[in-house]
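Trainee: I'd like to go through the charged pairs and the core here. Can we take them one at a time?

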Amino acid sequence: CLEAHRCIALWLLVVSGKPHEAASKLTEILEIIDRQEPKNHRLYFDVSRVFSRVAGRNALVLQQTLVFLEQAREIAPTVAEYTTEVSGIKEPFNFASLVEVEWRLGIDQATGW
(Lines give C-alpha, C1' and ligand atoms only; values in the text may rest on other atoms or scores of the structure.)
Protein backbone atom coordinates (compact mmCIF):
# COMPACT_ATOMS: atom_id res chain seq x y z
CA CYS A 1 0.00 0.00 0.00
CA LEU A 2 1.41 3.36 -1.06
CA GLU A 3 0.18 5.20 2.02
CA ALA A 4 1.85 2.69 4.33
CA HIS A 5 5.17 3.25 2.54
CA ARG A 6 4.74 7.01 2.82
CA CYS A 7 4.05 6.74 6.55
CA ILE A 8 7.08 4.52 7.09
CA ALA A 9 9.35 6.87 5.15
CA LEU A 10 8.04 9.84 7.10
CA TRP A 11 8.55 8.02 10.38
CA LEU A 12 12.10 7.06 9.39
CA LEU A 13 12.92 10.65 8.59
CA VAL A 14 11.14 12.55 11.34
CA VAL A 15 10.95 10.22 14.33
CA SER A 16 13.91 7.88 13.86
CA GLY A 17 16.24 10.39 12.28
CA LYS A 18 17.40 7.94 9.61
CA PRO A 19 17.53 9.97 6.39
CA HIS A 20 19.41 7.31 4.42
CA GLU A 21 16.72 4.74 5.15
CA ALA A 22 14.00 7.30 4.41
CA ALA A 23 15.63 8.07 1.04
CA SER A 24 15.72 4.37 0.28
CA LYS A 25 12.03 4.11 1.11
CA LEU A 26 11.36 7.10 -1.16
CA THR A 27 12.97 5.15 -3.98
CA GLU A 28 10.54 2.32 -3.31
CA ILE A 29 7.64 4.79 -3.29
CA LEU A 30 8.78 6.17 -6.64
CA GLU A 31 8.81 2.66 -8.09
CA ILE A 32 5.31 1.99 -6.75
CA ILE A 33 3.92 5.20 -8.24
CA ASP A 34 5.69 4.46 -11.54
CA ARG A 35 3.91 1.09 -11.65
CA GLN A 36 0.49 2.00 -10.27
CA GLU A 37 -0.07 5.68 -11.10
CA PRO A 38 2.45 6.66 -13.80
CA LYS A 39 0.37 9.59 -15.11
CA ASN A 40 -0.62 11.04 -11.75
CA HIS A 41 1.52 14.17 -11.67
CA ARG A 42 -0.27 15.46 -8.57
CA LEU A 43 0.70 12.35 -6.60
CA TYR A 44 4.37 12.78 -7.50
CA PHE A 45 4.11 16.41 -6.42
CA ASP A 46 2.31 15.66 -3.15
CA VAL A 47 4.90 13.09 -2.09
CA SER A 48 7.77 15.43 -2.89
CA ARG A 49 6.18 18.34 -1.08
CA VAL A 50 5.72 16.52 2.22
CA PHE A 51 9.26 15.23 2.31
CA SER A 52 10.87 18.45 1.14
CA ARG A 53 9.21 20.24 4.05
CA VAL A 54 10.52 17.87 6.72
CA ALA A 55 13.90 16.99 5.18
CA GLY A 56 15.64 19.98 6.68
CA ARG A 57 18.88 20.37 4.77
CA ASN A 58 19.42 16.67 4.17
CA ALA A 59 20.76 16.56 0.64
CA LEU A 60 19.94 12.90 0.07
CA VAL A 61 16.26 13.27 0.87
CA LEU A 62 16.00 16.57 -1.00
CA GLN A 63 17.60 14.94 -4.03
CA GLN A 64 14.90 12.27 -3.92
CA THR A 65 12.16 14.89 -3.72
CA LEU A 66 13.60 16.50 -6.85
CA VAL A 67 13.20 13.19 -8.68
CA PHE A 68 9.50 13.19 -7.83
CA LEU A 69 9.15 16.80 -8.91
CA GLU A 70 10.92 16.23 -12.21
CA GLN A 71 8.54 13.37 -12.90
CA ALA A 72 5.56 15.61 -12.16
CA ARG A 73 6.98 18.33 -14.41
CA GLU A 74 7.56 15.85 -17.21
CA ILE A 75 3.93 14.73 -17.08
CA ALA A 76 2.47 18.23 -16.62
CA PRO A 77 5.01 20.81 -17.82
CA THR A 78 2.55 23.70 -17.75
CA VAL A 79 1.88 23.53 -14.00
CA ALA A 80 3.89 26.43 -12.63
CA GLU A 81 3.56 25.22 -9.04
CA TYR A 82 5.89 22.32 -9.82
CA THR A 83 8.60 24.56 -11.21
CA THR A 84 8.27 26.87 -8.23
CA GLU A 85 8.70 23.94 -5.86
CA VAL A 86 11.84 22.80 -7.70
CA SER A 87 13.27 26.30 -7.34
CA GLY A 88 12.44 26.32 -3.64
CA ILE A 89 14.37 23.11 -3.10
CA LYS A 90 17.35 24.02 -5.24
CA GLU A 91 17.70 27.58 -3.91
CA PRO A 92 19.15 26.69 -0.46
CA PHE A 93 21.75 24.47 -2.11
CA ASN A 94 22.83 27.25 -4.43
CA PHE A 95 22.96 29.77 -1.60
CA ALA A 96 24.82 27.39 0.70
CA SER A 97 27.34 26.64 -2.03
CA LEU A 98 27.86 30.35 -2.66
CA VAL A 99 28.38 31.06 1.04
CA GLU A 100 30.90 28.23 1.29
CA VAL A 101 32.84 29.48 -1.74
CA GLU A 102 32.86 33.03 -0.39
CA TRP A 103 34.02 31.80 2.98
CA ARG A 104 36.84 29.79 1.43
CA LEU A 105 37.92 32.82 -0.61
CA GLY A 106 37.78 35.05 2.45
CA ILE A 107 35.05 37.32 1.10
CA ASP A 108 33.23 39.28 3.81
CA GLN A 109 29.46 38.58 3.66
CA ALA A 110 28.54 42.13 4.69
CA THR A 111 30.80 44.07 2.34
CA GLY A 112 31.36 41.58 -0.47
CA TRP A 113 35.14 42.20 -0.27
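Trainee: What is the relative accessible area of aspartate 46, and is the residue buried, exposed or partly exposed?

Mentor: Before that, remember this is a predicted model, where local features need pLDDT of at least 70, side-chain atom pairs count only at pLDDT 80 or more, and totals for chains, interfaces and linings use all residues. Residues are numbered from 1 along each chain as its sequence is written, and side-chain values use heavy atoms, with hydrogens and water left out. On the scale used, buried means under 20% relative accessible area, exposed means over 50%, and partly exposed is in between (1.4 Å probe, protein chains only). Aspartate 46 is partly exposed, at 28%.

Trainee: Which residue does aspartate 46 form a salt bridge with?

Mentor: A salt bridge here is a side-chain nitrogen of Lys or Arg within 4 Å of a carboxyl oxygen of Asp or Glu. Helices (H or I, at least four residues) are DSSP runs, as are strands (E, at least two), numbered from the N terminus. The two partners sit four residues apart in helix H3 (residues 41–54), so about one helical turn separates aspartate 46 from arginine 42. With the closest N and O atoms 3.5 Å apart, the partner of aspartate 46 is arginine 42.

Trainee: Which residues are linked in a network of salt bridges?

Mentor: The structure holds seven salt bridges. The network is made up of Arg42, Asp46, Arg49 and Glu81.

Trainee: How many residues apart are glutamate 85 and arginine 53?

Mentor: Their side chains meet in a salt bridge, 2.5 Å from N to O. This pair links distant parts of the chain, with glutamate 85 in helix H5 (residues 80–105) and arginine 53 in helix H3, and the separation is 32 residues.

Trainee: Is glutamate 85 buried or exposed?

Mentor: Its partner arginine 53 counts as exposed, at 52% relative accessibility. Glutamate 85 has a relative accessible area of 10%, so the residue is buried.

Trainee: Which helix gives the most residues to the largest nonpolar core?

Mentor: A nonpolar core is a set of buried Ala, Val, Leu, Ile, Met, Phe, Trp, Tyr and Cys residues joined through side-chain atoms within 4.5 Å. The largest one has 27 residues, and those touching the most other members include Leu26, Val47 and Phe51. Helices H1 (2–14), H2 (19–36), H3, H4 and H5 each give two or more residues. The top contributor, with seven residues, is H2.
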